Amino acid sequence: KSARYTLGARIENKFLTLLELGYVAYFTEKEKKIEKILNCILVLDTLKFLIHIAWEAKFISNQQYGGISLKLNDSGKMLGGWKRNLGINTEKKNRNL
């Protein structure tokens with residue numbers, strides 16, 4: 001039972017961190033904005049992972065997981081579009097190892 005609350009607290013903290021980073025990125029000057037956006041993308045990916053763990057452990061229902069993952073995927077598309085709009089090409093370099 002404590003694992004459920006621990007995971008829930010981590011998910012909640014990641015959501016808040018993502019909101020905070022998104023807010024900071026919005027008001028950051030253009031030269032430093034890409035770093036903030038990449039941090040947002042990293043936190044979003046971590047959040048997706050934690051939500052997936054919660055679903056696998058049956059802490060959330062299939063319906064809850066479906067709704068949350070759709071919204072997180074939409075957020076990922078928005079962040080990716082924001083990154084592309086800045087004209088930065090950061091391919092997945094580390095995944096080719």
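**View 1. Phe15, a ring in helix 1.** Let's start with Phe15, which sits in helix 1. Keep in mind that everything you see here is a predicted model. Is Phe15 buried, exposed or partly exposed? Its relative accessible area is 33%, so it counts as partly exposed. Skip the neighbours within four places in sequence, and you'll find Phe15 in contact with Leu47, Ile51 and Leu72. Now look across to Val43: Phe15 and Val43 are 28 residues apart in sequence, yet their C-alpha atoms are 8.4 Å apart in space.

**View 2. Leu18, a buried residue of helix 1.** Leu18 also belongs to helix 1. With 15% relative accessibility, Leu18 falls under the 20% cut-off, so it counts as buried. Which residues does Leu18 touch once its neighbours within four places in sequence are set aside? They are Cys40, Val43, Leu44 and Leu47. There is a distance to check here too: from C-alpha to C-alpha, Leu18 and Leu42 are 9.2 Å apart in space, with their positions 24 residues apart in sequence.

**View 3. The largest nonpolar core.** Zoom in on the 14 residues that make up the largest nonpolar core. Ile11, Leu18, Leu47 and Ile51 are the ones with the most contacts inside this core. Where do the core residues come from? Helix 1, helix 2 (30-56) and helix 3 (62-85) each chip in with at least two. Helix 2 gives the most, with seven residues. For a closer look at one member, try Ile11: leaving out neighbours within four places in sequence, Ile11 is in contact with Leu47, Leu50, Ile51 and Ala54.

**View 4. Aromatic rings in pairs.** How many aromatic pairs does the structure hold? The count is three. In one of them, the rings of Tyr26 and Phe27 have centres 4.8 Å apart and planes at 90°, so this pair is edge-to-face. Tyr26 and Phe27 are both exposed. Trp55 and Tyr65 make a stacked pair instead, with 4.7 Å from centre to centre and 15° between the planes. Because Trp55 is in helix 2 and Tyr65 is in helix 3, this pair ties together parts that are ten residues apart in sequence. As for Trp55, its relative accessibility is 28%, so it counts as partly exposed.

**View 5. A ring cluster and a nonpolar surface patch.** Here you can spot Tyr23, Tyr26 and Phe27, which ring pairs link into a cluster. Tyr23 lies in helix 1, the stretch covering residues 2-27. This tyrosine has a relative accessible area of 56%, so it is exposed. Which residues make the nonpolar surface patch of about 490 Å²? Tyr23, Val24, Tyr26 and Phe27 do.

**View 6. A salt bridge between Lys32 and Glu29.** Side chains of opposite charge can pair when their charged atoms come close. This model has a count of one salt bridge, and you're looking at it: Lys32 pairs with Glu29, and their closest N and O atoms are 3.6 Å apart. Are the two partners buried, exposed or partly exposed? Lys32 has a relative accessible area of 48%, so it is partly exposed. Glu29 comes in at 43% relative accessibility, so it counts as partly exposed too.

Key. Residues numbered from 1 in each chain as written. Predicted model: local features only at pLDDT ≥ 70, side-chain atom pairs only at ≥ 80, totals over all residues. Heavy atoms only, no water. Patch = residues over 30% accessible without salt bridge, like charges linked within 9 Å, V, L, I, M, F, W, Y side chains within 5 Å. Areas by Shrake-Rupley, 256 points an atom, 1.4 Å probe, with all protein chains shown as cover. Salt bridge = Lys/Arg side-chain N within 4 Å of Asp/Glu carboxyl O. Helix = DSSP H or I, 4+ residues; strand = E, 2+ residues; numbered from the N terminus. Buried < 20%, exposed > 50% of the residue type's maximum accessible area, 1.4 Å probe, protein only. Contact = heavy atoms within 4.5 Å. Core = buried A, V, L, I, M, F, W, Y, C linked by side-chain atoms within 4.5 Å. Phe/Tyr/Trp six-rings, centres within 6.5 Å; stacked < 30°, edge-to-face > 60°.
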